[in-house]
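Please walk me through this protein model step by step, in a way that someone new to structural biology can follow.

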Amino acid sequence: MSSVIGKMVVAGLLLLAPAVSLDNPGGGTGGQPEAKGFQEGKNGETVGVILKDSRIVVSGNGTSGKSDGYRVRRPCWYEPGGNAEDMLKKQEEAKPEWIPATEWNRHLESLKEFKDKVGKEGTWWTRAYNAADPNALSCLAALEPYVFVPPNTTPPAGITLQELADIARAALTVPEPKIEVNPDAKSYVNLDTWVWLGDVGSKTRSVTATLPGVMSATVTATLGSLEIKSGTTGERATVKQDCADGGKPYSKKETFSCGVTYRRASADQSRGVYTMTVTAVWPVTVEGNVNFGYAPVQVSADRDVAVGEVQSVVKGDG
């Protein structure tokens, strides 16, 4: 049993070259290959992807915004490693300093399965996983450390194009909405309150997941419309939802089409304001000739809107 454990531990660290990490271009930490495309969620939970023992590289301008918490559907998989000769050589030569000599000798003695494949056509596939997923380790435990398959063959649980796109989708983020309104400080009853997004930056955010020399998948989110909730009932507010491209800033030359017209003052609300909620909807596309897709990325933010009432004074003739 000890020799098997030794082989699994060594292989987990040695067989694959570290993938580029977005947060650490030199590779993973603690000797573990790692690539990241994630952020911390509102409640401190980790969302996105943290790839371990993987050659997949995650890149693009869509990895540093606000995630919607999309999870990769399968948290572990096989990736193609090397041919029989290359794999045996790696197993024989790449001894880490921290492995005791006795344990390393046991490892070398246990390489029969690799030696038997020398001279045969095929590829060794090795395990990889998404450490951001709580089910990753249990998934990993169900896979053999290595699978040797004939040329042009994918083993069961081998990474697919859709799963690679899933990784890119899980890493895809968009900017947190910054809600702009006009009037800004205070609105008034029956006055149109314009709504749009400010400081969006690029309205197109892409992430590419690449398995070098094998395949890549790119997912792209493009800013679409806004969905507005006034923070009160339909009797107290009228909402206009023609908010393409994140709405448009207030202009006297434009027609009001995206925002809220409040019909009652907010003085009777618990904090004296209405809490408007604005959701930015970013439709997602997948590059290439694929027959699958994804729901839009949707991220929301709140904005307090104080609504006053214009007081008029009527003077008598005297």
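The paragraphs below go from a sheet to the helix lying across it, and then to some individual residues and a cavity.

The model shown here is predicted, and a good place to begin is an open sheet of four strands, in which the order is E3-E10-E11-E16 and the pairing is antiparallel. Strand E3 (57-59) and strand E16 (284-286) stand at the edges, and because each has a single partner strand, one side of each is left without a neighbour in the sheet. On average, neighbouring strands of this sheet are turned by 15° against each other, if direction is ignored. In general, the strands of a sheet pair through backbone hydrogen bonds, and they can do so in a parallel or an antiparallel way. Here strand E11 (residues 215-222) and E16 run antiparallel and are joined by three bridges; in one of the pairs, Ala221 has Val284 in E16 as its bridge partner.

Across E3, strand E10 (204-211), E11 and E16 lies helix H6 (residues 161-171), which runs at about 40° to E11. How many of the 11 residues of H6 are buried? Nine of them are, so the helix is largely enclosed by the rest of the structure. The buried residues include Leu164, Ile167 and several alanines, but also Glu163, Asp166 and Arg169.

Another residue worth locating is Thr261, which is found in strand E14 (residues 258-262). With a relative accessible area of 5%, Thr261 is buried, since that value is under 20%. The side chain of Thr261 makes a polar contact of 2.7 Å with the side chain of Asp192, and, leaving aside residues up to four places away in sequence, Thr261 also touches others, among them Asn190, Arg236 and Phe256.

The loops hold some backbone details that can be looked up one by one. In the loop between strand E7 (179-182) and strand E8 (187-188) lies Pro183, and the peptide bond leading to Pro183 from Asn182 is cis, with omega near 5°. Ala157, in the loop between strand E6 (146-149) and H6, is a residue other than glycine with a positive phi, near 75°. Asp199, in the loop between strand E9 (192-197) and E10, likewise has a positive phi, in this case near 55°.

Is Asp199 buried or exposed? Asp199 is exposed, with a relative accessible area of 64%, and yet Asp199 is also one of the residues that line the largest cavity, including Pro175, Leu197 and Trp282. The volume of this cavity is about 40 Å³.

Terms used: Residues are numbered from 1 along each chain as its sequence is written. This is a predicted model: local features need pLDDT of at least 70, side-chain atom pairs count only at pLDDT 80 or more; totals for chains, interfaces and linings use all residues. Side-chain values use heavy atoms; hydrogens and water are left out. Two strands pair if DSSP finds at least two bridges between them. Helices (H or I, at least four residues) and strands (E, at least two) are DSSP runs, numbered from the N terminus. Axes are lines fitted to C-alpha atoms, for helices over the stretch in contact, and angles run from 0 to 180 degrees between N-to-C directions. Contact means heavy atoms within 4.5 Å. Buried means under 20% relative accessible area, exposed over 50%, partly exposed in between (1.4 Å probe, protein chains only). A polar contact is a pair of N or O atoms within 3.5 Å; within protein, one must be able to donate a hydrogen and the other to accept it, and residues adjacent in sequence count only if both atoms are side-chain atoms. On a 1 Å grid over the protein atoms alone, a cavity is a set of points where a 1.4 Å probe fits but cannot get out, and a pocket is an open set with protein on both sides within 12 Å along at least five of seven lines; lining residues have an atom within 4 Å of a point. Grid points are joined across faces, edges and corners, and a volume is the space filled by probe spheres set on the points.
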